[in-house]
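Let's walk through this protein together, one piece at a time. Keep the picture open beside you and look for each element as it comes up.

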Amino acid sequence: MKKTANQSADRCDLNRSDHRSYLSAMGIQTWELRQEFHGVVTDEIARGDDLPSQVTQNPDVANMDWSTLRKAVENCTRCDLASSRTQTVFGIGNSDAQWMVIGEGPGAEEDKVGEPFVGRAGRLLDNMLRAIGKQRDSVFIANVIKCRPPGNRDPKPEEVTACAGYLERQIKLVNPGLILALGRFAAQTLLKVDTPVGQLRGRVHHYGKIPLVVTYHPAYLLRSPERKAHAWDDLCLARACPAGEA
Ligand code: URA
């Protein structure tokens, strides 16, 4: 069912007083009159009805259960990142989660700790989630690639291809009601487009049948705090999706 932009904004308005402190932790000044949300909830299907593609290239991964998948990632040598990583970063959280949050790939902190989003950007992500009433351990957090690219460079296409089956299997196993794609890299990889994030955010896409909302990457928000109000709108849009509030 289609919802209007105002309906989605209203839903967040209902909870605004409860979340004032979290909004402030996100760096959004709650006394500020924000622009009204202008996004549109669409029923666009970005990738067709079925979960697509790379899994068919990695049929072994497509049938793995959680523990086999975790071991496969731990021992993975499918690309050159295997030689420079400290450890793989599999993903963390509730394997039955309604929300799956997907970032780009591990940075230096994550490579050390073995957990996604544990650095400054991770702390902002935690605050963003708390702002809409979600705890880190109530969602499942994963990255497009499971190993840190040296020097925090962008992942190369062949590294993404080598890793794609792992994320696709994780999505299939979690079977979330909503995917939140953080930043350009996750959004463009999942939606198979090269549209800038600014144009992808503000509406609901789909990954297979799963609603997918794009927002700015927390690391970008740390550099561009003026975008945090947009990120808040995106979180409200995600919450307004049928499974978003669960
Ligand atoms: N940025 C990401 O995209 N993922 C992480 O796990 C950490 C930082």
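In the hairpin of β5 and β6, 2 residues sit between the strands, and G208 takes a positive phi near 60 degrees. This is a predicted model, so read every value as computed from it. The hairpin strands β5 and β6 pair in the antiparallel sense, over 4 bridges. Across this pair, Y207 stands opposite I210 in β6.

**The sheet**

Now step back to the whole sheet. It is an open sheet of 6 strands, in the order β1-β3-β2-β4-β6-β5, and its pairing is mixed. Which strands stand at the edges? They are β1 (92-93) and β5 (204-207), each with a single partner strand, so one side of each has no neighbour in the sheet. As a reminder, strands of a sheet pair through backbone hydrogen bonds, either parallel or antiparallel.

Strand β4 has a partner on either side in that order. With β2, it pairs in the parallel sense over 4 bridges. With β6, strand β4 (residues 178-182) also pairs in the parallel sense over 4 bridges, and β6 spans residues 210-215. The table gives some facing residues to find in the structure.

| Residue | Stands opposite | Strand of the second residue |
|---|---|---|
| W99 | L178 | β4 |
| I179 | L212 | β6 |
| L180 | V213 | β6 |
| Y207 | I210 | β6 |

How many residues of β4 are buried? The count is 5 of its 5 residues, which makes β4 mostly covered. In a regular strand the side chains alternate between the two faces of the sheet. You can follow this pattern here: L178, L180 and L182 point one way from β4, while I179 and A181 point the other way, and all are buried.

**Helices against the sheet**

Helix α10 lies across β2 (99-103), β4, β5 and β6, running at about 130 degrees to β4. Another helix, α13 (residues 228-240), packs on the sheet as well, where it touches β4, β5 and β6. The direction of α13 makes about 170 degrees with that of β6.

Why is α10 described as largely enclosed by the rest of the structure? Helix α10 covers residues 183-191, and 7 of its 9 residues are buried, so the rest of the structure largely encloses it. Those buried residues are G183, R184, F185, A186, A187, T189 and L190. Just after α10 comes K192, with a positive phi of about 55 degrees.

**Two buried residues to look up**

Start with A181, which is found in strand β4. There are 29 other C-beta atoms within 10 Å of it, so A181 is buried; the cut-off for a buried residue is 20 or more. Leaving aside neighbours within four places in sequence, A181 is in contact with I102, A186, A187, L190, L212 and V214. Of these contacts, A186, A187 and L190 are among the buried residues of α10.

Next comes V197, in helix α11 (residues 197-200). With 22 C-beta neighbours inside 10 Å, V197 counts as buried. Again leaving aside neighbours within four places, V197 is in contact with G183, R184, A187, V214 and Y216.

How far apart in space are A181 and V197? From C-alpha to C-alpha they are 9.9 Å apart, and in sequence they are 16 residues apart. V197 and F185 are 12 residues apart along the chain, with 8.9 Å between their C-alpha atoms.

**The core and the whole chain**

In soluble globular proteins, nonpolar side chains tend to be buried together. The largest nonpolar core here has 62 residues, and those with the most contacts inside it are M100, I102, I179, L180 and A181. Not counting residues up to four places away in sequence, M100 touches V139, F140, A142, I171, V174, P176 and I179.

The chain as a whole has 13 helices and 6 strands. Of its 246 residues, 45% count as buried. Among contacts between residues at least 6 apart in sequence, 77% join residues at least 24 apart.

**Around the ligand**

Finally, look for the ligand. The residues around it are G103, E104, G105, P106, G107, E110, P116, F117, A121, N143 and A219. By class, this shell has 5 nonpolar, 4 polar and 2 charged residues.

Methods. Residues are numbered from 1 along each chain as its sequence is written. This is a predicted model: local features need pLDDT of at least 70, side-chain atom pairs count only at pLDDT 80 or more; totals for chains, interfaces and linings use all residues. A residue is near a molecule or strand if its C-beta atom, placed from the backbone, lies within 6 Å of it. Ala, Val, Leu, Ile, Met, Phe, Trp, Tyr, Cys and Pro count as nonpolar, Asp, Glu, Lys and Arg as charged, and the others, Gly among them, as polar. A residue is buried if 20 or more other C-beta atoms lie within 10 Å of its own, exposed if 12 or fewer, and partly exposed in between; C-beta atoms are placed from the backbone. Two strands pair if DSSP finds at least two bridges between them. Two residues are in contact if their C-beta atoms, placed from the backbone, lie within 7 Å. Axes are lines fitted to C-alpha atoms, for helices over the stretch in contact, and angles run from 0 to 180 degrees between N-to-C directions. A nonpolar core is a set of buried Ala, Val, Leu, Ile, Met, Phe, Trp, Tyr and Cys residues joined through C-beta atoms within 7 Å.
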